[in-house]
Amino acid sequence: MKTFKFRSLSTVLLAGMLLSIPATALAQFSIGISINIAPPALPVYVQPPCPQANFMWTPGYWAWDGVGDYYWVPGTWVEAPQPGYLWTPGYWGWNNGVYAFNDGYWGTQVGYYGGVNYGFGYGGGGFAGGEWRGGVFAYNTAAVSVNTTVIRNVYVNTTIINNTTIVNNTHTSFNGGPNGIAAKPTAQQQAFASQPHLKPTAAQVQHVQVAKQDKSNFASANHGVPAHAAVAKPATNVAELQHSAVAAKAAPGVKPYVAAHPATAAQPASKTPEAARPAAKTEPAARPETPAKTAPTPARPTAETRAAPPAPHPAPKPATEVAPRPAARPTTEAAPRPAPKPATEATPKPAPRPAPKPATEPAPKPAPKPAAKPAPHPAPAAHPKEPPPEHKPQN
């Protein structure tokens with residue numbers, strides 16, 4: 001699985017890269033960040049006609065959002081900052097295991113742009129889309145699309161197209177590295193590197209910012225085929241971009257781009273630990289243990305409670321066997337409170353329960369029972385036997 005990393009420019013890294021980069025690229029070498037994820041292939045789209053004279057075509061390209069994904073900057077026609085200036089596109093270059101973007105610039109000559117075939121006059125080496133004639137730009141309609149109802153200064157030259165085109169059937173968007181373009185700068189391009197250059201115009205900078213706001217332009221969403229590939233003029237807002245842009249098509253033979261940016265690479269890493277956490281949560285056998293512990297606990301106290309009451313009172317064992325807990329509790333509570341008696345009345349449903357009650361109550365009164373044995377009072381019947389002696393004297 002591919003990984004990503006950011007490497008900010010430092011003196012050591014920059015020095016190492018400058019030593020290995022051709023001199024022609026030094027004048028335009030400007031890198032904000034470098035990454036080790038190759039940019040997607042260039043999509044195929046139709047160029048909108050040039051809307052106004054002296055507008056230069058700036059081809060679309062893949063930019064890095066600084067977080068973890070590529071997004072497409074639509075191609076557009078931009079007014080040159082001054083007559084006589086041409087646009088040299090930016091390009092991705094591979095060096096020392098990372099991909100770094102070289103910013104585009106304005107100059108009187110088109111310089112080195114990595115041999116990337118952007119099309120529409122930028123075939124990989126030089127520019128075939130037109131030329132300045134005095135203060136007016138003439139368009140080569142063999143390479144670019146022009147609205148001839150507005151622009152009349154046009155011509156056709158197919159030879160220059162053949163001479164400046166680098167065949168790129170894979171639509172690779174970067175120079176060097178694995179599967180990258182192997183084009184090197186020419187001596188003429190090296191000479192162009194020492195000429196004065198101008199940075200992108202304010203309209204171009206705004207156009208890039210608007211493209212970044214359009215989430216459908218991100219490679220993770222469009223898989224390398226942006227829905228808004230090109231516009232006639234630089235976009236000033238997302239709604240304008242989406243309304244006027246032309247859609248792209250996947251290049252023939254190019255597989256859909258699979259994003260390998262931080263958002264997607266981190267989700268599986270976070271999901272795997274999350275999946276492990278619930279697994280750890282399901283492991284707590286403590287739940288089955290707790291019911292097992294609760295099951296024996298009621299059994300043990302019952303045995304203890306049964307053994308406890310019979311120790312002091314062996315006689316009430318039958319009563320405790322029927323209802324051990326209620327019998328022991330009412331005996332202790334029955335002494336101070338007569339209320340438990342109705343509780344026993346509620347239980348008298350079973351016949352054996354009333355018998356133990358007198359057994360427990362007469363237990364403290366065994367003495368009156370033997371006293372009751374002479375109580376049948378048969379002795380008074382003996383007193384009438386005394387009268388017979390009284391009759392004796394009568395005789």
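In this predicted model, strand β7 and strand β13 (residues 174-175) run parallel and are joined by 2 bridges. One contact between them can be followed by eye: the bridge partner of tryptophan 92 is phenylalanine 174 in β13. Strand β7 covers residues 91-95 and is mostly hidden from the surroundings, with 4 of its 5 residues buried. Strands of a sheet are held to each other by backbone hydrogen bonds, in a parallel or an antiparallel arrangement.

The antiparallel arrangement appears in β7 as well, where 5 bridges join β7 to strand β8 (residues 98-102). Here glycine 93 has alanine 100 of β8 as its bridge partner. The hairpin of β7 and β8 has 2 residues between the strands. Asparagine 96 is found in this loop, and its phi is positive, at about 55°, although the residue is not a glycine. Is asparagine 96 buried or exposed? Its relative accessibility is 52%, and a residue counts as exposed over 50%, so asparagine 96 falls in the exposed class.

Histidine 223 offers a second example of a positive phi in a residue other than glycine, with a value near 55°. This histidine lies in the loop between helix α6 (219-222) and strand β14 (230-231). Histidine 223 has a relative accessible area of 41% and is therefore partly exposed.

Another part of the model holds an open sheet of 3 strands, arranged in the order β10-β11-β12 with mixed pairing. The edges are taken by β10 (130-133) and β12 (154-155); each has a single partner strand, so one side of each is left without a neighbour in the sheet. Strand β10 runs antiparallel to β11 (residues 136-140), and 4 bridges join the two. Within this pairing, arginine 133 stands opposite valine 136 in β11. Arginine 133 also makes a contact with an aromatic ring: it lies over the face of tyrosine 155, at 4.7 Å from the ring centre. In a regular strand, side chains point alternately to one face of the sheet and the other.

Aromatic rings meet in many places, and a search of the whole structure finds 19 aromatic pairs. In one of them, the ring centres of tryptophan 57 and phenylalanine 120 are 5.8 Å apart and the planes stand at 75°, so the pair is edge-to-face. Tryptophan 57 lies in strand β2 (residues 55-58), while phenylalanine 120 lies in the loop between β9 (105-107) and β10, so this pair ties together parts that are 63 residues apart in sequence. Tryptophan 57 counts as buried because its relative accessibility is 1%, and the cut-off for burial is under 20%.

A tilted arrangement is seen in the aromatic pair of tyrosine 122 and phenylalanine 127, with 4.6 Å from centre to centre and 40° between the planes. Tyrosine 122 and phenylalanine 127 are both buried. Ring pairs also link up into a cluster, whose members are Tyr45, Trp57, Trp62, Trp72, Trp77, Phe120, Trp132, Phe137 and Tyr139. The edge-to-face partners Trp57 and Phe120 thus reappear here as members of the cluster.

Methods:
Residues are numbered from 1 along each chain as its sequence is written. This is a predicted model: local features need pLDDT of at least 70, side-chain atom pairs count only at pLDDT 80 or more; totals for chains, interfaces and linings use all residues. Side-chain values use heavy atoms; hydrogens and water are left out. Buried means under 20% relative accessible area, exposed over 50%, partly exposed in between (1.4 Å probe, protein chains only). Two strands pair if DSSP finds at least two bridges between them. Rings of Phe, Tyr and Trp (its six-membered ring) pair if their centres lie within 6.5 Å; planes under 30 degrees apart count as stacked, over 60 as edge-to-face and the rest as tilted. A charge sits over a ring if NZ of Lys or CZ of Arg is within 6 Å of the ring centre and within 35 degrees of the ring normal.
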